[in-house]
Amino acid sequence: MTTVTTPNGFSLNNSGRRMVVDPITRIEGHLRCEVNLDQNNVIRNAVSSGTMWRGLEVILKGRDPRDAWAFCERICGVCTGIHALASVRAVEDALAITIPENANTIRNIMLATQWAQDHLVHFYHLHALDWVDVISALKADPKATSTLAQSISPWPNSSPGYFRDVQTRLKKFVDSGQLGPFMNGYWGNPAYLLPPEANLMAVTHYLEALDFQREIVKIHTVFGGKNPHPNWLVGGMACAINLDGPLAAGAPVNMVQLNLVSSIIDRTIDFIDQVYVPDLIAIATYYKHWDYGGGLAGRNLMSYGDYPVAANNWSDANLLIPRGAIINGKLDEIMEIDLRDPSQVQEFVDHSWYRYPDEAIGLHPWAGITDPNFELGPHTVGTKTDIKQLDEGAKYSFIKAPRWRGHAMEVGPLSRFTLGYAKGIAEFKEPVDKVLTDLGLPLGALFTTLGRTAARGLEASWAAHKMRFFHDRLMENLRAGDLVTANTEKWEPATWPAEARGIGHVEAPRGALGHWVHIKDRKIEAYQAVVPTTWNGSPRDPAGNIGAFEAALLNTPLADSSQPLEILRTLHSFDPCLACATHVIAPDGSELVRADVL
Amino acid sequence: MTSDRAIVVLGIGNILWADEGFGVRAVEALHEAYAFPPEVTLIDGGTQGLALLPLIEAADLLVVFDAVDYGLEPGVLHLIDDDDVPRYLTAKKMSLHQTSFQDVLGLATLSGRLPGRMHLIGVQPLDLDDYGASLTAPVRARLEAAVAHAVAFLARFGIIASPRVADDPAEPLGPASVGRESYEAVA
């Protein structure tokens with residue numbers, strides 16, 4: 001093929017050498033990526049494919065809407081609470097159930113906790129290894145590492161002896177040959193730009209973050225009753241509160257537990273502000289000229305808005321995370337979004353392994369159809385059970401292609417921060433401007449892979465401080481004597497209308513998430529979820545628009561054409577989550593089941 | 001082991017994918033049939049990854065129920081001990097943030113807090129592809145044997161499981177709606 005230009009303005013050329021990366025490692029679920037490289041090893045065509053079918057719709061049909069959240073918790077090993085929250089919001093919206101102030105505040109604490117924990121884990125345990133060379137850390141001088149660490153942060157764990165100990169531990173681990181989480185890294189690739197000391201500092205904080213992240217989720221245990229699958233409730237939260245009550249299993253949340261939450265919040269703020277953010281800036285200093293991976297960033301982006309301060313009020317003024325869409329890079333023109341409008345959010349499947357009666361049109365999720373249809377295009381190389389090369393001219397992914405008013409959109413922390421910045425909201429604009437000024441970069445530098453990664457770090461700090469804000473708000477309300485956490489007025493199905501439709505939306509750590517529910521005769525009639533990775537990882541649509549992953553990969557040069565480090569770096573910057581694949585594997589490590597075989 | 005030892009019995013897998021749910025269903029069945037002394041914690045781990053790390057690191061003795069491919073006849077129970085457990089559980093996979101329990105064990109190794117004893121009670125699955133289905137007949141038929149084995153294994157360490165009586169049933173491990181009976185009623 002010669003070069004074609006997509007309606008959303010990207011040039012594609014698939015004449016060069018094809019490179020297949022499958023699976024993309026360090027993500028939830030199964031993602032495959034194929035690119036064409038030109039003679040200079042620059043990516044000129046990109047194809048991203050979700051190779052795993054997920055049909056929540058099948059599981060939920062016929063079930064009690066009040067139970068839907070418990071099934072949604074099982075979709076995925078990462079986004080557990082997020083799907084549960086979207087689900088209870090959808091059912092409450094359908095049945096016009098309002099929630100008490102305390103329930104709203106506690107949900108905001110739960111959500112902010114999830115953001116802080118998820119962003120931290122994503123940065124250190126999934127994404128940092130795209131920037132940090134673990135093996136190089138073994139060559140670092142612990143004393144110089146200490147000097148570096150002390151120059152960027154007051155964090156106390158920074159003595160030469162401390163870094164020497166970690167280095168010894170790491171060496172022992174590497175020498176054992178069981179690299180575990182560090183297996184299959186592209187160590188030594190020329191695209192790694194950090195000096196050994198920065199690598200050692202980052203690996204050290206990888207270990208500290210691992211220890212720390214477990215503290216954060218104790219908040220979910222307090223308010224959700226248990227971990228790893230916290231309890232949620234249509235109409236509020238399942239936790240009763242009794243400030244003076246005893247501390248016992250099954251007893252209401254008491255002052256001891258609320259104080260524990262408060263102390264965890266303080267430590268979360270310290271860790272993120274003194275370790276995560278300084279590390280991010282230090283790493284960015286070495287990579288600031290690697291300005292690839294923008295794609296739809298700064299061009300087409302969207303947020304559904306979240307964190308309602310007062311309960312049951314979704315007006316713009318009441319939301320701490322702004323709502324809106326930006327099209328064609330017009331940052332001064334923020335468009336309103338309406339998730340009920342059938343002409344706004346639509347999912348297309350002409351390039352997805354599903355069947356619609358008419359695949360030229362998109363369907364609003366309330367009218368959504370999930371009918372799998374695994375068929376390969378004529379230019380596929382290989383067979384259904386062993387695909388060597390996908391045919392992107394035909395169906396090539398189990399991800400549908402959602403569009404907003406026909407546009408492919410990017411969602412996630414960078415989109416949220418861009419909206420906040422465009423609206424001139426200080427708590428988004430000021431930290432962005434500070435980072436850009438410190439690094440000596442223009443605003444355009446934000447719309448890159450590195451910018452996406454930086455926005456997530458700034459957002460982790462934002463979320464940690466909002467945990468404090470909402471905890472203070474909760475304590476104030478409780479001390480004023482309001483202990484109510486649930487509204488059970490419409491708990492009994494007899495109080496419901498014969499038929500109802502609702503939407504539950506959440507700004508998940510990775511971006512805009514929506515659940516659309518249709519309730520009929522007290523049971524779920526239909527359910528559709530459009531998840532952030534569906535937006536970002538979407539395949540082409542009937543008009544030929546490419547999705548955010550594909551757009552972001554274009555024009556990136558690979559330093560070593562046999563190692564897709566830069567591809568991983570950009571895809572990981574979106575924090576993709578393709579929901580749980582089956583995890584059973586044969587003892588020799590070969591996969592027993594490929595989820596792409598229907 | 002001392003009296004303040006911690007024992008964790010963990011069921012992992014996805015209940016929405018047929019025999020993938022074996023681990024969760026087994027720990028549920030164990031919990032429904034027996035009560036344990038306080039040092040024993042039964043956990044429905046689902047497909048959680050990192051969230052399981054602190055629970056595992058807290059254990060001196062870890063018993064895991066899971067569906068594992070041994071290349072045997074469907075429903076066959078196979079037992080694995082200690083260092084062989086991570087080798088058998090989910091090799092290769094992608095990493096931490098996902099369902100890969102092996103990586104969680106790798107991280108526990110890195111942190112120096114891997115449980116001193118580990119025991120995997122695995123079942124050979126028949127079907128992992130049937131989304132929305134429950135356990136297949138050959139796998140379901142071994143739930144009782146898996147539970148009995150766990151009880152016998154724990155007894156070797158002096159852990160006495162007390163059979164529950166009909167008029168004092170267990171509080172379910174998770175919401176009743178995703179329990180096996182309720183799940184299968186609609187599935």
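Me: Two strands pair if DSSP finds at least two bridges between them. What makes β4(A) and β5(A) a pair in this sense?

Reply: The strands are themselves DSSP runs: a strand is E over at least two residues, a helix is H or I over at least four, and both are numbered from the N terminus. Strand β4 (residues 31-37) of chain A is joined to β5(A) by 7 bridges, and the rule asks for at least two. The two therefore count as paired, and they run antiparallel. Along them, A:R32 stands opposite A:S49 and A:L37 faces A:I43. The strands form a hairpin with 5 residues between them, and in this hairpin A:N41 takes a positive phi near 60 degrees.

Me: Which conventions apply to the names and the values?

Reply: Residues are numbered from 1 along each chain as its sequence is written, and chains are lettered from A and ligands numbered from 1 in the order in which they are written. This is a predicted model, in which local features need pLDDT (the predictor's confidence in each residue, from 0 to 100) of at least 70, side-chain atom pairs count only at pLDDT 80 or more, and totals for chains, interfaces and linings use all residues.

Me: How do you know that β3(A) and β4(A) pair as well?

Reply: They share 5 bridges and run antiparallel; one bridge links A:V20 to A:E34 in β4(A). The 3 strands thus make an open antiparallel sheet in the order β3-β4-β5 (chain A).

Me: Why are β3 and β5 of chain A said to stand at the edges?

Reply: β3 (17-21) and β5 (43-50) each have a single partner strand, so one side of each has no neighbour in the sheet. From one strand to the next the twist averages 15 degrees.

Me: What makes β4(A) mostly covered?

Reply: A residue is buried if 20 or more other C-beta atoms, placed from the backbone, lie within 10 Å of its own, exposed if 12 or fewer do, and partly exposed in between. In β4(A), 5 of the 7 residues are buried. For chain A as a whole, buried residues make up 54% of the 598 residues.

Me: Is A:A96 buried or exposed, and why?

Reply: A:A96 has 11 C-beta neighbours inside 10 Å, so it counts as exposed. The residue lies in the loop between α3 (80-95) and α4 (101-127) of chain A, and its phi is positive, near 55 degrees, although it is not glycine.

Me: Why is A:N312 called partly exposed?

Reply: With 15 other C-beta atoms within 10 Å, A:N312 falls in the partly exposed range. Its loop runs between β6 (301-308) and β7 (319-326) of chain A; A:N312 too is a residue other than glycine with a positive phi, near 65 degrees.

Me: Where is A:W187, and which residues is it in contact with?

Reply: A:W187 is in the loop between α6 (160-175) and α7 (196-216) of chain A. Two residues are in contact if their C-beta atoms, placed from the backbone, lie within 7 Å. Leaving aside neighbours within four places in sequence, A:W187 meets this rule with A:D133, A:V134 and A:I135. Its 15 C-beta neighbours inside 10 Å make A:W187 partly exposed.

Me: How do you know that the radius of gyration of chain A agrees with a compact globule?

Reply: The radius is taken over C-alpha atoms, and the globule rule is 2.2 Å times the number of residues to the power 0.38. For 598 residues this gives a value near 25 Å, and chain A has 24 Å, which agrees. The C-alpha trace spans about 65 × 65 × 55 Å along its principal axes, and chain A holds 15 helices and 14 strands.

Me: What is the order of the 5 strands in the open sheet of chain B?

Reply: The order is β3-β1-β4-β6-β5, with mixed pairing. At the edges are β3 (40-46) and β5 (77-81), each pairing on one side only. β4 (residues 61-67) and β6 (residues 117-123) of chain B run parallel, joined by 7 bridges.

Me: Why should residues 90-99 of chain B not be read in detail?

Reply: Their pLDDT stays under 50. Where pLDDT is low, the predicted coordinates should not be read in detail. The mean pLDDT of chain B is 84, and 89% of its residues reach 70 or more.

Notes:
Axes fitted to C-alpha atoms, helices over the stretch in contact; angles between N-to-C directions.
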